[in-house]
Amino acid sequence: MRLLAPVEDLDWEEEVVLDKLLTVSTERMQRVERRDLSRLSVVAEHLLEHCTELQVSGELLASVAAADPLLLLLRPLELRARLQLLGSVLQLPSTSSVLQLTLQYPTLLCRSSSALSQRLTEMDALLKSRGLSLQSMARRQPDLLVQAPGSLRIKIDAIPAALDLPPRRARDVIARCPQLLRRSPATVADRYRVLQNLFDSVPRNYLSELVTQEPRVLCLSSATLAAKFASLTRKYGAFQDDIVDIILVDPNVFLNAPAATSATSVPKKKQRQQPADAARGGSRQSPADGVAQLLRLAAELRVPLESLLGPCAAGSEMCEWAPGTVARRIDALATALSVSADEAAALVRGAPGLLELRAETLQGRRAVLRELLPAGEGGGGGASGVSALLANHPLLLLAQPDELRARVAALAAALGMPPQRVPSLLAKCPGLIAQPPAAVAEQLGRVREIFGGASVPASLVAEMVTREPRLLSTPAAELESSFETLALSFGWSGRETAIDVCMADPSMLIRDKPGAGAGDSESDGSLMAGDAQMLEEDGGGGGGRIRARRGGRGAADTRGGGVPPALEEQGGKRSPGSSGKQQRGAKPKVGKGGGRYLEQR
């Protein structure tokens with residue numbers, strides 16, 4: 001095939017084959033790019049997928065991936081299987097607990113789930129045959145799970161001879177200190193010989209008792225053992241027998257003694273690695289670079305890592321930012337919105353995407369919000385209202401102007417009011433514009449259910465919300481609890497009376513203690529104790545506004561503390577459940593969920 005020939009010179013069969021080859025090559029390139037963990041967007045995509053499947057914190061999973069980035073290339077179900085196997089053996093309560101442990105022992109997740117399951121089964125059988133427990137030892141030393149069962153068998157069988165102990169006592173030493181199995185039997189025997197030389201003034205069984213009582217002394221290297229003994233000799237005297245007696249009485253004195261370790265061995269190893277690392281770093285990026293960049297970006301923005309996963313996985317320009325870009329963009333955001341740098345940083349924590357918008361775009365969207373939220377009596381609109389709104393809902397600046405206007409129209413449709421009345425409503429409660437229209441409609445239905453559902457006209461509930469917009473932003477459970485508390489305060493006729501009270505003053509559902517203050521003024525929407533009796537006398541009327549609409553007597557508004565003439569003439573005390581039109585103990589006729597006001601309507 002003439003693949004090097006110009007496309008126009010190929011016949012149709014060759015074009016079909018070429019197109020197929022190009023499609024296959026493109027798919028392969030995409031798969032390769034999706035495994036390139038040096039790119040921040042790829043890391044964010046894999047982290048988002050794993051966090052969703054495992055239900056764990058993004059910061060925790062990113063910290064584990066920083067030690068072993070290749071874990072992100074595993075399928076989520078495979079990673080879940082490995083974590084579940086480790087959790088069952090280590091008896092950890094959650095996936096997050098297992099991930100916390102892998103921060104200390106990254107190699108625990110290196111084996112595939114099938115290989116890990118087989119290894120755990122073999123290891124459990126081996127330890128049971130030696131009178132040991134896999135769960136107990138793994139919880140003491142989790143990295144034992146990465147060792148081969150054959151290697152463990154050799155070490156366990158060689159420990160008795162290395163320590164000159166009977167098998168049963170050697171088994172007790174291993175159970176108390178599984179860390180001994182991380183070293184070869186020759187290393188353990190060499191450390192035991194060093195102890196024998198240091199404790200040559202006492203019988204051998206004394207040393208055996210020390211090792212059985214405190215096997216952690218064998219976890220120290222031979223040089224450290226000698227250095228600790230020498231430091232105790234300098235501190236307590238030059239007599240070796242005295243030092244031995246002190247250690248036999250309290251082994252912790254020996255374990256906590258300072259040791260002058262060599263400071264040159266580890267740095268030399270690091271110095272030998274640095275040239276090789278530098279040589280490799282100039283040619284290509286490490287898979288851990290993408291994880292490190294994502295963690296750095298979250299630290300600069302001072303936001304939770306989860307809030308960055310979505311935008312970065314979608315290819316946000318933040319993925320290409322160099323160090324220091326975030327600080328410059330925050331300063332530009334503060335200038336565009338005329339706020340302080342701290343206030344701009346707070347906005348970014350709620351909506352990191354603001355840093356990607358230009359200054360004129362931000363100013364235009366802020367102007368639209370000021371247009372939709374005019375200054376009102378409650379002070380919720382205007383420039384100050386918009387600033388307070390954005391402080392609580394910075395995501396509004398990410399919405400297009402047409403989307404904001406559509407929200408206002410949808411809010412008007414949900415409340416059944418003309419769109420011209422919505423700005424005055426938003427001036428009282430600006431946060432409504434930040435709620436999705438569907439959520440507003442759902443909350444309106446819940447408020448209606450509290451008052452009786454279908455038996456209550458939707459227009460009446462919409463009017464209540466117009467007078468008290470906070471009903472749409474207060475959780476339905478809290479509103480229902482407030483209503484039940486209010487109903488109980490009125491006795492056996494409480495529910496119908498509570499409905500009438502709330503119709504007259506919807507703010508009763510918002511306050512923590514409805515109607516608790518007898519001397520509260522009208523401005524805070526409270527009712528006096530005499531007002532509750534007046535409502536009962538009037539047959540459940542909720543104030544002059546409702547009585548005037550019903551055409552009943554006493555059209556004057558009594559919420560300010562006025563007493564109707566009928567109540568003055570009677571002059572007698574009446575219980576909250578009594579009425580001049582009802583016999584004491586008679587049960588009023590009330591529809592399902594409705595008050596007397598609704599019946600007469």
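**Notes on an all-helix chain and its charged side chains**

1. Let's start with a loop: D200 sits in the stretch between α10 (185-198) and α11 (204-213). This is a predicted model, so please read everything below in that light. D200 is exposed, as its relative accessible area comes to 55%, and the cut-off for that word is over 50%.

2. What does D200 gather with on the surface? Its companions are D241, D242 and D245, and the four form a patch of negative charge. Worth colouring by charge when you look at the loop that holds D200, between α10 and α11.

3. Now the overall picture. The chain has 31 helices and 0 strands, so "all-helix" in my heading is just the DSSP runs talking. Of the 601 residues in the chain, 42% are buried. As for the outside, about 31,200 Å² is exposed, with carbon and sulfur atoms supplying 53% of that area.

4. How much of the contact count comes from residues far apart in sequence? Taking contacts with a separation of 6 or more, 66% of them are between residues 24 or more positions apart.

5. Two backbone oddities to check by eye. D164 has a positive phi, about 55 degrees, although it is not a glycine. The residue lies in the loop between α8 (149-163) and α9 (167-176).

6. The other one is S338, again not a glycine, with a positive phi of about 60 degrees. Where is S338 found? In the loop between α18 (325-337) and α19 (341-350). S338 is exposed too, at a relative accessible area of 69%, because anything over 50% earns that label.

7. On to salt bridges: a search of the whole structure turns up 18. Take E53 and R80, whose side chains meet at 3.4 Å, N to O. E53 belongs to helix α2 (residues 40-54) and R80 to helix α4 (residues 76-90), so this pair ties together parts that are 27 residues apart in sequence. Buried or exposed? Each is in between: E53 is partly exposed with a relative accessible area of 30%, and R80 is partly exposed at 25%.

8. Next, D157 and R130, which pair up in a salt bridge at 2.9 Å, N to O. Here too the link is between distant parts of the chain: D157 is in helix α8, while R130 is in the loop between α6 (113-129) and α7 (134-140), 27 residues apart. D157 counts as partly exposed at 45% relative accessibility, and R130 is likewise partly exposed, with a relative accessible area of 25%.

9. Then there is E214 with R216, a salt bridge at 2.7 Å, N to O. Which side of the cut-off is E214 on, buried or exposed? Buried: its relative accessibility is 13%, and buried means under 20%. Its partner R216, at 44% relative accessibility, counts as partly exposed. One more item for the salt-bridge list: R34, E45 and E49 are joined into one network by salt bridges that share partners.

10. If you only have a minute with the model, I'd look at three places. One is the negative patch of D200, D241, D242 and D245. Another is the pair of positive-phi residues, D164 and S338. The last is the E53 and R80 salt bridge, with its ends in α2 and α4.

Definitions and conventions
Residues numbered from 1 in each chain as written. Predicted model: local features only at pLDDT ≥ 70, side-chain atom pairs only at ≥ 80, totals over all residues. Heavy atoms only, no water. Patch = residues over 30% accessible without salt bridge, like charges linked within 9 Å, V, L, I, M, F, W, Y side chains within 5 Å. Areas by Shrake-Rupley, 256 points an atom, 1.4 Å probe, with all protein chains shown as cover. Lys, Arg positive; Asp, Glu negative; His and termini not counted. Charge placed at Lys NZ, Arg CZ, Asp CG, Glu CD. Helix = DSSP H or I, 4+ residues; strand = E, 2+ residues; numbered from the N terminus. Buried < 20%, exposed > 50% of the residue type's maximum accessible area, 1.4 Å probe, protein only. Contact = heavy atoms within 4.5 Å.
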